[in-house]
Amino acid sequence: AIGRDICLRVLDEDWQQEKEAILSSALDSSKQVQGTLALICAGHREWEPQMKAFLASRKAQERELAIRVLRAWGADQYREELQKALETEKSKKLKELLRDSLGAEAAEADGRGGTGQLTSVRELAAEILKGGKKRKAAWAYETPFSEVHKKDGTLAEEEYLQAILVSYADMSVPGVSPEAARLAAELEEKELGRYVQELFDKWLAAGAEAKKKWVLYAASIHGGEEIVPVFWKQIQEWPERSRGALAAEAVKALALNGGTTALLKVDQISRKFKFRQVKTAAGEALQSAAAALGISRAELEDRIVPDLGFNERMERVFDYGTRQFRVYLTPALELEILDGDGKRLKNMPSPGKRDDETRAAEAYAEFKALKKQLKTAVSNQKLRLEQALTAERLWSADQWKSLFVKNPVMHQFAIGLIWGVYEDGRLKDTFRYMEDGSFNTREEDEFAFPEEGQIGLVHPIELSGEELAAWKEQLSDYEVTQPFEQLD
């Protein structure tokens with residue numbers, strides 16, 4: 001399978017000539033090969049006629065490939081074709097994949113409600129639990145769960161919550177469950193997050209059976225920000241105990257969490273992780289997410305860079321009620337804390353007796369979380385920018401401003417680096433972005449930032465000895481420490 005996977009990637013380099021050979025791999029039995037093929041096909045919108053033909057194929061593998069690729073291109077654009085396929089599909093696995101692609105609002109004239117969507121969430125929950133399906137999650141109810149309330153303040157019944165879990169347990173292709181999403185929309189998010197974390201803990205305590213890996217998806221999708229460190233711990237531990245496949249599945253589930261923190265963790269794993277199997281899974285998860293949005297993976301990575309709550313002045317306020325503290329993000333990507341009198345503090349003070357107990361506790365917890373988030377963000381972006389340099393990544397002028405001027409974290413990275421204006425891949429001019437928002441030439445004259453064109457990181461081999469020396473001297477004069485050794 002690894003060999004065939006490699007061959008597919010090589011054939012794609014000459015896809016115009018090798019299209020038929022590539023598409024013939026739709027019948028390959030390897031999940032790895034099928035996954036690679038779906039990613040390759042998603043990159044070729046000109047293969048739309050072949051994908052539509054595959055959607056009506058007698059062979060399940062070809063239908064599955066078509067569904068995955070059309071979904072990556074945007075299910076709404078192919079809603080009519082996918083709905084028609086759902087009405088005639090016999091495979092339970094592919095029916096679930098089609099329903100998932102069409103979303104919770106899909107009309108399901110395939111025996112699930114007859115004429116379409118069920119009229120109430122209560123009916124939907126009852127429908128999900130029909131036929132004794134409740135037993136699929138019965139093991140989790142051997143010990144009690146915390147209570148979960150609906151948004152109207154009433155207590156959610158146990159069967160209602162069981163229906164959410166069974167929605168995942170009954171999926172042959174783990175992923176987002178439209179039925180579970182509809183039921184979860186009625187519940188208090190924080191309480192549901194605690195509920196699925198308890199589910200995750202019970203599954204771990206019972207040995208984390210791979211056949212119950214659906215727990216990973218239920219926990220990640222409904223667990224919010226709080227579940228991310230729980231996943232991170234297990235993703236690091238499982239490969240050490242010869243459970244790399246489970247760690248890889250956890251990464252795929254984590255990518256569906258929906259939060260920036262989760263996607264940053266997946267991005268971090270895709271760039272630098274000890275175990276190749278898990279690292280590869282992270283890359284594929286990001287690629288799939290990007291394809292679903294109709295953008296490149298690099299563009300997705302730009303979108304998920306957090307601002308960590310800082311405003312354009314690189315400032316964030318922590319309110320203890322009776323006193324406030326201002327925290328600034330320095331050019332060295334460190335935190336500087338000032339009290340109400342402007343006095344610099346070494347650490348954020350612990351809440352005191354005179355402070356508002358609730359507000360102070362929340363603010364102090366937020367600051368501790370900020371320190372962890374900043375460490376992860378700096379590590380991720382430092383590595384990402386270094387890779388952007390070696391890969392000759394280019395941004396349009398608008399993309400560059402959106403990422404490096406408007407985002408406080410990336411702003412601080414940008415002022416420590418030397419940038420170039422490129423035309424047709426060739427360096428035309430160089431500049432430095434200054435802390436005050438202006439732009440400098442190597443002679444320290446004002447630089448006119450281009451309205452159009454492409455911007456990228458300058459590599460020292462693109463510079464003459466004189467240009468390189470001038471930029472190094474300017475960085476030294478301004479006492480700028482680069483995020484990584486760009487000019488060396």
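Which residue in S7 does Tyr-422 stand opposite? In this model, which is a predicted one, the residue is Leu-427. I will start from that pair and work outwards.

Strand S6 covers residues 418-423 and strand S7 covers residues 426-433. The two pair in the antiparallel sense, over six bridges. Between them, in the hairpin, are two residues, and Asp-424 takes a positive phi near 55 degrees there.

Now follow S7 on to S8. These two also form a hairpin, this time with five residues between the strands. Gly-437 sits in that turn, with a positive phi of about 95 degrees. S7 and S8 pair in the antiparallel sense over two bridges. One residue pair to find on your screen is Tyr-433 and its bridge partner in S8, Phe-439.

Next, the whole sheet. It is open, it has five strands, and the order is S5-S9-S6-S7-S8, with antiparallel pairing. Which strands stand at the edges? They are S5, residues 394-396, and S8, residues 439-440. Each has a single partner strand, so one side of each is left without a neighbour in the sheet.

Two helices go with this sheet. Helix H19, residues 397-404, lies across S5, S6, S7, S8 and S9, the last of these being residues 454-457. H19 runs at about 100 degrees to S5. Helix H21, residues 465-477, packs on the sheet and touches S6, S7 and S8. The direction of H21 makes about 10 degrees with that of S7.

There is another sheet to look at. This one is open with four strands, in the order S1-S2-S3-S4, and the pairing is antiparallel. Its edge strands are S1, residues 315-319, and S4, residues 344-345, and each pairs on one side only. S3, residues 335-338, pairs with S4 in the antiparallel sense over two bridges. Within that pairing, Ile-337 has Leu-345 in S4 as its bridge partner. Helix H18, residues 357-390, packs on this sheet, touching S1, S2 and S3. The direction of H18 makes about 145 degrees with that of S1.

Last, a helix. Which residues of H4, residues 48-55, are buried? They are Met-51, Phe-54 and Leu-55. These residues cover an arc of only 105 degrees around the axis, which puts them on the same side of H4. The general reason is that an α-helix has 3.6 residues a turn, so residues three or four places apart point the same way. What covers the buried residues of H4 includes helices H2 (15-23), H3 (31-42), H5 (60-74) and H6 (79-88).

Terms used: Residues numbered from 1 in each chain as written. Predicted model: local features only at pLDDT ≥ 70, side-chain atom pairs only at ≥ 80, totals over all residues. Heavy atoms only, no water. Pairing = 2+ DSSP bridges. Contact = heavy atoms within 4.5 Å. Axes fitted to C-alpha atoms, helices over the stretch in contact; angles between N-to-C directions. Buried < 20%, exposed > 50% of the residue type's maximum accessible area, 1.4 Å probe, protein only. Arc of directions from axis to C-beta.
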